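Here are a few exercises to work through with the model open on your screen. Try each one before you read its solution.

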Amino acid sequence: SQSQLINTKATLNFNPENKNMYFEKYMSRRQSCQSAIFNNLKLLYATAIHCQKINGDQQALLYYIKALNQFLSIRCTTPEIDELHFNTVSNLCDIYIRQHDITQAIRYIDLALQIACKSREKYKMFQYLDRHGEIKRLQGDYDGALLNHSKSIEIKLKIYGNEGVDVSNSYCNIGNIYDDQGQYEDAICMYKKSLEIKLSVYGDNHLSIAATYNNMGLVYSKLGKHDNALCMHEKSLKIQLLTLNDNHPCIADTNSNLANVYFYQGKYDGAVSMYEKSLKIQLFTLHDNHAGIANTYNNMGLAYDSQGKYDEAICLYKKSLKICLSILNYDHSYIANTYNNIGGVYLNQSKYDKAACVYKKSLKIRLSKLGDNHPCIAASYNNIGVVYSHQGKLDNALFMYKKSLKIRLSRLGDNHPSIATTYNNMANIYYYQGNYDNAICVYEKSLKISLSRFGLNHPNIANTYSNMGLAYFDQGKYNKAIHMYEKSLKINLLMLGDNHLSVATTYNNLGLVYDKLGKYDDALCMYDKTLEIE
């Protein structure tokens, strides 16, 4: 009997029919198990997508991470599982890009690259390049970002020609980089290319077209073309109101962008009103600790700061900071930005020690997250330089401006608007030191960049003309001073209207020159105009 059992066992091992039967059962169980895992993964992925649409990124993260843990337990994959795995890690990367969490974004983009290389599918590779380009953009590596997006669009053009939506998205991404680099006309050119494709594919009223109008509006604002900016944001809003309900977060974002235009125009009451409309929608549709609400509090704070309502500004910045600290790491770039803005209020209040302290907090976070050669680091050095300038620590201020300039020249080229700002600030130091010829020389450097970037009529250009007027005034070159002030006044009246504080300042400065020249009637006329505005 024992021998028979052994023989039976041997027969079971080597009988081809039995072997095939067991193999088929094993394969059937394996396929059934894989099918169950795949269906569960699809459910988790679909739930994450749904949560993202309804509640935003934070809840979606939980389901993406659950799915990712299951992917890691799978030994044998299929093309379908690899596809879902790639989409999951790509969406995780997108979330961390939106949150400016570069470390986590790199972690997931590296996983996406492994899957893309395994499948060798071209569309996975261009998606990887797009996301890696956005990470480089966040890191301030604009040349690296541009290289990635250029490689991506090269693949897309071979697959789709110049007609696919993916090609349109690449033009948009490249436009974003040009915007960051201060190459605003080039950015508009890219957005227009993107828009042309989207209009041909979607027609006039698609949300992605609204998004492109929005991007164009933001750039026009930076160019000082506020009427163009308003037109773009209003076009965007019109599409959104046709396709979304009145309380959709996208409409809140567009209201905020319209408010930003009013802010740039110096129409601070109008800006606050639009921010409040945006905030009302966000508080209705988003949870209390949403990053969008923090951003609106921050923008309203900037408007109140510009109105001289410093206590209200600080209150709003602290609300923004509280939200950011509750949903983000303490060393997140958003938190650094809020500290930076709080420093700006303290600066305007002449609380220079407090301003320096908060600016340094912001700098410490930025250095830990971005390294020591990022444009945001340059901005922090610049702001600390402004504080030192107000404290009369002119040598310290000049040292900070030079540190800022070195980074900006290395990362942004020699013709970026922020470099014009740094030159302007350095020239101010030379002016305070009584080195008027050197000051005028550096103001002219600033002016040359601003004219090449913004054209003839921009508030920054008006400010530089005004500063040059001050230098000529202190040199006793009164006719040259009048010429500079009149140039500044012409731009400010055109761009800011006849009731703006910058216009009042220029009238006052003209009055001082006429007073020195003994033209007392002209001086009184200018002083009266100043008082009418103030």
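**Exercise 1.** Find out how many aromatic pairs the structure holds, then work out how the rings of Y184 and F454 are arranged.

*Solution.* This is a predicted model, and it holds nine aromatic pairs. Take Y184 and F454: their ring centres sit 6.2 Å apart, and the ring planes make an angle of 20°. Planes under 30 degrees apart count as stacked, so Y184 and F454 are a stacked pair. Next, look at where the two residues live. Y184 is in helix α9 (residues 184–202) and F454 is in helix α21 (residues 436–454), so this pair ties together parts that are 270 residues apart in sequence.

**Exercise 2.** Are helices α4 and α5 roughly parallel or antiparallel, and which classes of residue make up their contact?

*Solution.* Start with the axes: those of α4 (residues 79–98) and α5 (residues 102–119) come within 8 Å and cross at roughly 155°. Angles over 145 degrees count as roughly antiparallel, so that is how α4 runs relative to α5. Their crossing is left-handed. Now list who touches whom: α4 brings residues including F86, V89, L92 and Y96, while α5 brings Y108, I109, L111 and I115, among others. Sorted by class, the contact has 13 nonpolar, three polar and two charged residues.

**Exercise 3.** Do the same for α6 and α7: what is their crossing angle, and how many charged residues does the contact have?

*Solution.* The axes of α6 (residues 122–138) and α7 (residues 142–160) come within 8 Å, crossing at roughly 160°. That makes α6 roughly antiparallel to α7, and the crossing is left-handed. On the α6 side you'll find K122, D130, E134, K136 and R137 among the contact residues, and on the α7 side K151 and K156 are included. The class count comes to eight nonpolar, six polar and seven charged residues.

**Exercise 4.** Which way does α18 run relative to α20, and which residues meet?

*Solution.* The axes of α18 (residues 375–390) and α20 (residues 417–432) come within 11 Å and cross at roughly 15°. Angles under 35 degrees count as roughly parallel, so α18 is roughly parallel to α20. Again, α18 passes α20 in a left-handed crossing. From α18, N382, V386 and S389 meet T422, N425, I429 and Y432 of α20. That contact divides into three nonpolar, four polar and no charged residues.

**Exercise 5.** Where is the pLDDT below 50?

*Solution.* Overall, the mean pLDDT is 88, with 93% of residues at 70 or more. Over residues 1–16, though, the pLDDT is below 50, and this stretch has two contacts beyond near neighbours in sequence. Where pLDDT is low, don't read the predicted coordinates in detail.

Notes: Residues numbered from 1 in each chain as written. Predicted model: local features only at pLDDT ≥ 70, side-chain atom pairs only at ≥ 80, totals over all residues. Heavy atoms only, no water. pLDDT = per-residue confidence, 0-100. Contact = heavy atoms within 4.5 Å. Axes fitted to C-alpha atoms, helices over the stretch in contact; angles between N-to-C directions. Helix = DSSP H or I, 4+ residues; strand = E, 2+ residues; numbered from the N terminus. Parallel < 35°, antiparallel > 145°, perpendicular 65-115°, else oblique. Left-handed = near helix turned anticlockwise from the far one by under 90°. Nonpolar A, V, L, I, M, F, W, Y, C, P; charged D, E, K, R; others polar. Phe/Tyr/Trp six-rings, centres within 6.5 Å; stacked < 30°, edge-to-face > 60°.
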